Amino acid sequence: MPVNVSGVTRSTCPYCGVGCGVLVEPDGIGGISVKGDPDHPANRGKLCSKGSALAETVGTAHRLLTPQWHGESVDWETALNGVADEFGKVIAEHGPDAVAFYVAGQLLSEDYYVANKLMKGFMGSANIDTNSRLCMSSTVAGHKRAFGTDTVPGIYDDLDEAELVVLVGSNLAWCHPVLYQRVMAARESRDIRIVTIDPRRTASCEGALHLPLKAGSDVALFNALLAEIDRRGAVNTAYTDAHVDGLDEAIATAQASEPDVTGLDSALLQEFLDLWINTEKVVTLFSQGVNQSSAGTDKVNSIINCHLATGRIGKPGMGPFSVTGQVNAMGGREVGGLSNMLACHLDIENPEHRGVVKAFWQAPAMPEQSGLKAVDMFKAVGDGRIKALWVIHSNPAVTLPDADRVRDAIAACPFVVVSDITIDTDTAQLADVVLPAAAWGEKSGTVTNSERMISRQRAVLSAPGQAKPDWWILAEVARRMGWEQAFAWENPAEIFAEYAALSGLAGELGKDFDISGLAVLDAQSYDKLDPVRWPQSAAKQGGRFFAEGGFFHTDGKAKMLPLVPRATAEAPCEARPFRLNTGRLRDQWHTMTRTALSPRLSAHLPEPFVDMNPRDVQRLGLSAASLVRLSSAQGHAIVRLHQTEDVVEGDLFVPMHWTGMNAPSARIDALVAPVVDPISGQPESKATTVAAEEFAAAWYGFAICTTQFTPSSDYWARARTSTGYRCELAGLSTPDDWESYARSLFDLPDATVQHMSDSKRGRHRVGFFSGDILLAALYVGPEPVALMRDFLVGLPGQEAPWALAGQACGDMPDPGAVVCSCYAVGRNTIKRAIASEGLTSVDQIGGCLSAGTNCGSCKSELAAILKECVSTQPVCLIEKRRLA
Ligand SMILES: Nc1nc2c(c(=O)[nH]1)N[C@H]1C(S)=C(S)[C@@H](COP(=O)(O)OP(=O)(O)OC[C@H]3O[C@@H](n4cnc5c(=O)[nH]c(N)nc54)[C@H](O)[C@@H]3O)O[C@H]1N2
Ligand SMILES: Nc1nc2c(c(=O)[nH]1)N[C@H]1C(S)=C(S)[C@@H](COP(=O)(O)OP(=O)(O)OC[C@H]3O[C@@H](n4cnc5c(=O)[nH]c(N)nc54)[C@H](O)[C@@H]3O)O[C@H]1N2
Ligand code: SF4
Ligand SMILES: [Mo]
């Protein structure tokens, strides 16, 4: 298909591993419009809320434009020479293992390949690891144990064809929304069943059979399934005899395993076992509830065991399916971004593999052992073993477990380089050198999605200032370290061709990742490359794996593993009675450096919160909308209370997204224990034990302003709005003079002020105006302030002399919290329409208000609101706390 038709360029969304194709059209003045690509096989024209809002996240206002050396702008020559010199010096003085790279699954494969080649082939250390360690490494280890290779057997079409889709530790509706919509479409046309296995009730549970198992008990659940498969004679012996090792042992261990630890009602458990066993076409799709666990690799294998035993793998509509998180999480695994891998699925500790890669790269120095895995890497930074660190495309000071220690370690490291698109990240703030990277929309390369589909990202905008693509920055440093020839590429097409050629050698060594068929692409054909699924070799093109065996262990068989369930590393105790689950929200991406630029994405859930069961709320004596202080053995956080039946007693859920830049007290990884899966090294990010208590502030506030402001109060959380910024605040000590506090908060020395005060009751409202136009307002009270927030956020920059009333007036009702971010439709508006128009379906809500009719990401929330409006039962709804 043509890549560029009348100014519209085909590219790929930069966020999640669904890997949706987009059509991007520049507007000629630095902006773009973005639509789903109807011809891309992953999304067939659909986009979720994040993809739909991409246009709001480009632009240059937030961008780093020049290299920074200790806070001073320098030119590239100085920066690149300086970085090369410092890394060279550390290697000369302390050896190659004193340096490290920490990279990410959002790098393009070409960038990733260069980083890996530089560290493993030339600097001579294996100390390159990636945030995929926190994300996919348990799956990688599980795949390798079972299949002898890290291969996802299935493809997305299986989700269209399955009769039963089981989501294990996956909130697909929010985290892979376009795949979720494919599942929903299948359900609408063929009445398929969906099961969700998650201790928490999520948006993905809407209309599904929900198994709220105890955190960490997945192995026991899938052992129960395996034992039942055996008991019922459902083992596919033709398949297992020919292609599988370890069946009997795995079954014996499963039989000895205790299903009660799942805490599931036995009838519910039986319903699931019946469904799974009786439905041939079953896809068991899994994500971070499986991977991010101290038993993550075992969880992965417990799922694969059941598919191997039944031979339900690699055939249409069936198989275990690990969905990847980041857009190029899969590509990172292919290029060998993990510290125990080489490129192209080759192993660093295998002398034959090493020899082949060394010869191909003409590498002067190749490490013989695996390097440090992420958590250990930052421990080594902390204790001084790593003396030069380069962080590329990640924000580890926020997202690594024990994040305060990680932050301190980075701050104390003698030489830290960060490549990022902005300097406003917790990690970049700690660096000696920050290098301006070209962002999505400005750079070209390839990414591989969850179904092994390689797609092109294409540049449509020129990079602002001096920003450069990540591969270029890495290659320029390598050249300056004396390796000109090995890093002499002029464009990503040349890197891709080299990489594809190396994969051919991997293919000759019996590896599955072979894209040598693409090594012949010249720059032009690379530029035109259509989405293509690997492998692409003489022997095999695309398709599924393992329907007829053909595994990659030396005997060609798959391995089933005997798995003994293990509890989470920490058990709740008197001092820390809660288990802290963490994860994602629908409209934010990780540390928010891009999605928080979009007002409509920020409107969905604008403040960090903790989900807590009402009985725990009552037991702790917490009042509605209060602030809660959470403490673990590692650190503390302050977040807003949200009471909900979505979490069971004893469990808490806090989103991972907030950072020192927008809510310094809500960096949740400050609490997460740095315990890891012993095989994969993946941290248990969802099961740290914590204590919870009210954060009894002396005052609480809500502020709105046309421009960005940064409070210094004990608690604050700021979000963008369509008119400027909104912020929640709270403090332990009360300022003497609220007017001067507010004036300096907003930095508005000359604006006219309105001040309403009820000092006896501790209520103050201060507004700043230019004429009748509201510039900023602060509303303060001795308890969380009740206001029509979603109405007030529309006022800055408008004539609103009455703004201090804090309420909607006359014909302007409060819309309520945004549910549909595409059309900015609020919860109250939806409820009013349901009542006044008698709406009874999600489609009717769409017809009346347009809500849910663009990207569709909010449809499960709309369904829950409908249910709530027609039912007196308390529903477990993803509606977050409102103060009014
Ligand atoms: N909107 C949005 N989408 C994203 C991202 C984002 O930041 N924002 N990030 C992307 C990335 S990198 C990733 S890795 C994916 C992650 O996608 P998901 O894995 O779907 O997301 P999470 O919210 O991290 O976790 C999924 C679920 O695991 C559950 N869980 C916790 N403990 C257990 C357990 O012991 N067992 C089971 N069965 N479940 C458990 C949690 O309650 C949670 O609902 O999302 C990708 N997509
Ligand atoms: N508690 C808890 N912690 C978690 C998780 C969890 O579920 N719970 N999930 C974990 C998982 S699965 C993941 S994947 C990680 C994600 O964690 P991170 O990778 O740390 O998070 P991001 O915000 O995606 O960081 C990407 C950085 O790259 C920058 N950037 C954007 N574009 C470019 C570019 O083109 N080039 C360069 N050089 N930089 C760019 C962004 O500004 C941002 O600073 O978090 C992990 N941490
Ligand atoms: S599902 Fe959404 S975030 Fe993921 S690739 Fe598609 S548009 Fe992007
Ligand atoms: Mo991830």
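Two strands count as paired here when DSSP finds at least two bridges between them, and the elements themselves are DSSP runs numbered from the N terminus, with helices being H or I over at least four residues and strands being E over at least two. With that in hand, a closed barrel of six strands can be traced as β22-β26-β23-β25-β24-β27, with mixed pairing. Neighbouring strands of this sheet are turned by 45 degrees against each other on average, direction ignored; axes are lines fitted to C-alpha atoms, for helices over the stretch in contact, and angles run from 0 to 180 degrees between N-to-C directions.

A few words on what you are looking at. This is a predicted model, in which local features need pLDDT of at least 70 and side-chain atom pairs count only at pLDDT 80 or more, while totals for chains, interfaces and linings use all residues. Residues are numbered from 1 along each chain as its sequence is written, chains are lettered from A and ligands numbered from 1 in the order in which they are written, and side-chain values use heavy atoms, leaving out hydrogens and water.

**The barrel and ligand 1**

Within the barrel, β22 and β26 (residues 651-655) run parallel and are joined by five bridges. One residue pair to look for is L580 with its bridge partner L652 in β26. Strand β22 (578-583) also supplies at least two residues of the shell around ligand 1, as do α6 (172-175) and α12 (288-291).

Ligand 1 is surrounded by 35 residues, of which D198, G216, S287, R584 and Q588 are the closest; a residue is near a molecule if one of its heavy atoms lies within 4 Å of it. The protein buries 99% of the 910 Å² that ligand 1 exposes when taken alone, using accessible areas from the Shrake-Rupley method with a 1.4 Å probe, where for residues only the protein chains shown count as cover.

**Ligand 2**

The shell of ligand 2 holds 33 residues, and N131, T399, D420, T591 and D669 come nearest. Taken alone, ligand 2 exposes 920 Å², and the protein buries 99% of that.

The table lists polar side-chain contacts of both ligands. A polar contact is a pair of N or O atoms within 3.5 Å; within protein, one must be able to donate a hydrogen and the other to accept it, and residues adjacent in sequence count only if both atoms are side-chain atoms.

| Side chain | Ligand atom | Distance |
|---|---|---|
| R200 | oxygen of ligand 1 | 2.9 Å |
| S287 | oxygen of ligand 1 | 2.6 Å |
| R584 | oxygen of ligand 1 | 2.7 Å |
| Q292 | nitrogen of ligand 2 | 3.0 Å |
| T582 | nitrogen of ligand 2 | 2.8 Å |
| R584 | nitrogen of ligand 2 | 3.0 Å |

R584 appears in the rows for ligand 1 and for ligand 2.

**The open sheet**

Further along the chain, an open sheet of six strands has antiparallel pairing and the order β29-β30-β28-β33-β32-β31. Its edge strands, β29 (715-721) and β31 (752-758), each pair on one side only. Neighbouring strands of this sheet are turned by 10 degrees against each other on average, direction ignored. Strands β28 (residues 699-705) and β30 (residues 724-731) run antiparallel and are joined by seven bridges; F702 stands opposite E728 in β30.

**Backbone details in loops**

W534 and P535 are joined by a cis peptide bond with omega of about 5 degrees, and P535 lies in the loop between β20 (532-533) and β21 (558-559). H393 is not a glycine, yet has a positive phi of about 65 degrees; H393 belongs to the loop between β15 (388-392) and α17 (396-399). D747, also a residue other than glycine, has a positive phi near 55 degrees and is found in the loop between α24 (738-746) and β31.
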